[in-house]
Amino acid sequence: MSERSITNISILGAGAMGSLFGGLLAESGQRVTLLDVNDAHLAAIRERGLRLVTDSGDRRVHGLTACRPEQASGQADLLLVFTKTLHTEQALASVARHLGGHTQVLSLQNGLGNAEAVCRHVAPEQVLIGMTTWPADLHGPGHVESHGSGVVRAYSADGVERPACAEVAALLDAAGLRCTVDADVWAAIWEKVAFNAALNSLCAVTGCAVGQLAAVPQGPELARAVVQEVLAVARDEGIAVDDQHCLASVADAIAHHRTHKPSMLQDVLAGRPTEIGSINGEVAARARRAGIAVPRTEMLLGLLRLMEARAREEEPSV
Ligand code: NAD
């Protein structure tokens with residue numbers, strides 16, 4: 001691995017999260033390129049800068065380069081992957097020339113299988129993996145909002161401690177993203193997968209906002225049961241997950257995020273494909289290989305797949 005330091009940062013998938021991270025990194029003095037396929041969003045950023053609304057204020061971030069992935073110039077020192085997981089493969093293939101032997105690639109996407117996806121494009125020692133609790137929403141071309149706060153936890157995907165991980169974490173931290181280097185990152189990733197496998201898919205199937213799951217006892221009961229199924233698979237893979245912490249997070253979300261519509265529900269409502277494959281789908285596949293029964297996770301996966309298929313069929317033909 002090269003010792004050169006990070007000066008060129010690219011964000012692959014500059015939607016809600018990619019724009020938030022890219023905007024904050026640029027504000028902290030980094031040279032940032034946003035790579036996306038949403039031409040209206042790219043044009044708005046090029047013309048007026050990125051409108052970034054956080055608890056620190058409503059401002060425009062200038063100086064960002066914004067272009068299509070295949071137009072990225074030179075090679076990135078750090079590439080942050082922030083597409084939805086179903087677009088990762090295609091997105092990484094489109095930036096092949098932008099990835100050098102020294103490029104660190106960090107995925108903070110939700111779900112499982114992200115490290116494996118990145119490893120198909122760069123050497124395993126170039127891959128960093130993590131999770132983030134920062135929230136973000138895109139409010140139209142060139143306009144992203146994020147309220148409240150969050151953290152980032154990251155580590156080398158292969159579990160070998162390297163200086164590059166500390167350097168990347170320091171850059172994110174300096175941008176106010178509260179990033180720590182965390183050798184236990186897989187526990188955090190799996191606990192978030194359990195949270196999402198329960199709440200995102202239940203809300204997407206029922207149309208309920210998170211708080212509405214409390215309307216009948218079966219809502220929270222189902223959510224808890226899915227969390228326990230997912231964490232059983234994690235433990236089988238040797239991950240030291242914390243059931244009580246995860247169950248408490250789910251209960252807290254149901255109690256306090258009353259009107260929040262998870263992104264999977266928003267995708268269903270907009271007729272878009274969802275990240276169900278990398279969340280419930282990955283858990284179900286690993287459970288099958290391990291001989292562990294995850295009937296509720298499988299059921300939610302099947303229902304979401306049906307809803308996606310119906311949305312495809314109803315898509316107006318152009
Ligand atoms: P998003 O849909 O807002 O952004 C994804 C972006 O990827 C879009 O702008 C899209 O145009 C772009 N894209 C699609 N195909 C592409 C391609 N081939 N090349 C380049 N760009 C491409 O999604 P998001 O909410 O920012 O989420 C990104 C990831 O972060 C997901 O895995 C999500 O689960 C995770 N995440 C989201 C949040 C949140 O609050 N939004 C929080 C934590 C984690």
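A polar contact is a pair of N or O atoms within 3.5 Å; within protein, one atom must be able to donate a hydrogen and the other to accept it, and residues adjacent in sequence count only if both atoms are side-chain atoms. The model shown is predicted, with local features requiring pLDDT of at least 70 and side-chain atom pairs counted only at pLDDT 80 or more, while totals for chains, interfaces and linings use all residues. Residues are numbered from 1 along each chain as its sequence is written, and side-chain values use heavy atoms, with hydrogens and water left out.

**View A. Gln-126 and the backbone oxygen of Thr-103.** Gln-126 belongs to the loop that runs between helix H4 (114-119) and strand S8 (127-132); helices (H or I, at least four residues) and strands (E, at least two) are DSSP runs, numbered from the N terminus. The side chain of Gln-126 lies 2.8 Å from the backbone oxygen of Thr-103. With a relative accessible area of 7%, Gln-126 is buried; buried means under 20% relative accessible area, exposed over 50%, and partly exposed in between (1.4 Å probe, protein chains only). Apart from residues up to four places away in sequence, Gln-126 touches Gly-100, Gly-101, His-102, Thr-103, Gln-104 and Val-105, where contact means heavy atoms within 4.5 Å.

**View B. Surroundings of the ligand.** The ligand has 23 residues around it, of which Ala-16, Met-17, Asp-36, Asn-110 and Glu-275 come nearest; a residue is near a molecule or strand if one of its heavy atoms lies within 4 Å of it. By class, this shell holds eleven nonpolar, eight polar and four charged residues. Ala, Val, Leu, Ile, Met, Phe, Trp, Tyr, Cys and Pro count as nonpolar, Asp, Glu, Lys and Arg as charged, and the others, Gly among them, as polar. An oxygen atom of the ligand lies 2.6 Å from a side-chain N or O atom of Asp-36, and for the side chain of Asn-110 the corresponding distance from a ligand oxygen is 2.8 Å. A polar backbone atom of Gly-15 is 3.4 Å from an oxygen atom of the ligand. Of the 830 Å² of accessible area that the ligand has on its own, the protein covers 85% (Shrake-Rupley method with a 1.4 Å probe; for residues, only the protein chains shown count as cover).

**View C. Thr-88 in helix H3.** Helix H3 comprises residues 88-94 and includes Thr-88, which is buried at a relative accessible area of 2%. The side chains of Thr-88 and Gln-109 are joined by a polar contact of 2.9 Å. Beyond residues up to four places away in sequence, Thr-88 touches Val-81, Thr-83, Gln-109 and Ala-117. Between Thr-88 and Ser-107, 19 residues apart in sequence, the C-alpha to C-alpha distance is 9.7 Å.

**View D. Gly-207 between helices H6 and H7.** The loop holding Gly-207 connects helix H6 (185-206) with helix H7 (218-236). Gly-207 counts as partly exposed because its relative accessibility is 40%. Leaving aside neighbours within four places in sequence, Gly-207 is in contact with Gln-212 and Leu-265. The C-alpha atoms of Gly-207 and Val-268 are 8.8 Å apart, at a sequence separation of 61 residues.

**View E. Arg-178 ahead of strand S12.** Arg-178 is located in the loop between helix H5 (163-174) and strand S12 (179-181). Its phi is near 50°, a positive value in a residue other than glycine. At 45% relative accessibility, Arg-178 is partly exposed.
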